[in-house]
Amino acid sequence: GGIDVLNRGFDAAKGSWSEAKGRAKFVGPRDVGQLKVSFFGPFYGGYNIVELDPEYSLSLVAGPDRSYLWILSREAKPPREAVERLVARAKALGFDTDELIYVSH
């Protein structure tokens, strides 16, 4: 009835990995990337897959409104042109892309 979610990242300042485990449930049909995700018990937040590449290696994900936006990658350094294309798509959809935070790996 859902999907296990694991967000994992390396904290360079601490020199260690951290992770958050959660659970996602589809809001509507299973072939539509609109989910609700919980990392904190019964509290769920919107998780909308705006774009996903065919290899499932890079995605553009938005929250329940235009104040949350993530570019998720399976690679520490995704191809710059692919990231630029996703940023342009987000901007065209009305997201304030000037507020994006780019993480150095």
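## A six-stranded sheet and its helix

In this predicted model, six strands form an open, antiparallel sheet in the order β1-β2-β3-β4-β5-β6. Strands are DSSP runs of E with at least two residues, helices are runs of H or I with at least four, and both are numbered from the N terminus; two strands pair if DSSP finds at least two bridges between them. β1 and β6 are the edge strands, each pairing on one side only. From one strand to the next, the twist averages 35°.

Here are some of the elements you can look up:

| Element | Residues |
|---|---|
| β1 | 3-11 |
| β2 | 16-26 |
| β4 | 43-52 |
| β5 | 58-62 |
| β6 | 69-73 |
| α1 | 80-92 |

β1 and β2 run antiparallel and are joined by nine bridges, with D11 standing opposite S16 in β2.

Now to the helix. α1 packs on the sheet, touching β4, β5 and β6, where contact means heavy atoms within 4.5 Å. Its buried residues are A82, V83, L86, V87 and A90 (buried is under 20% relative accessible area, exposed over 50%, partly exposed in between, with a 1.4 Å probe and protein chains only). Seen down the axis of α1, these residues fall within an arc of 135°, so they line one face of the helix; the arc is that of the directions from the helix axis to the C-beta atoms. On the other side, R80, E81, K91 and A92 are exposed. Just after α1, G94 takes a positive phi of about 100°.

Residues are numbered from 1 along each chain as its sequence is written, and side-chain values use heavy atoms, leaving out hydrogens and water. Local features need pLDDT of at least 70 and side-chain atom pairs count only at pLDDT 80 or more, while totals for chains, interfaces and linings use all residues.

Notes: The expected span of a helix is 1.5 Å times one less than its number of residues. Axes are lines fitted to C-alpha atoms, for helices over the stretch in contact, and angles run from 0 to 180 degrees between N-to-C directions.
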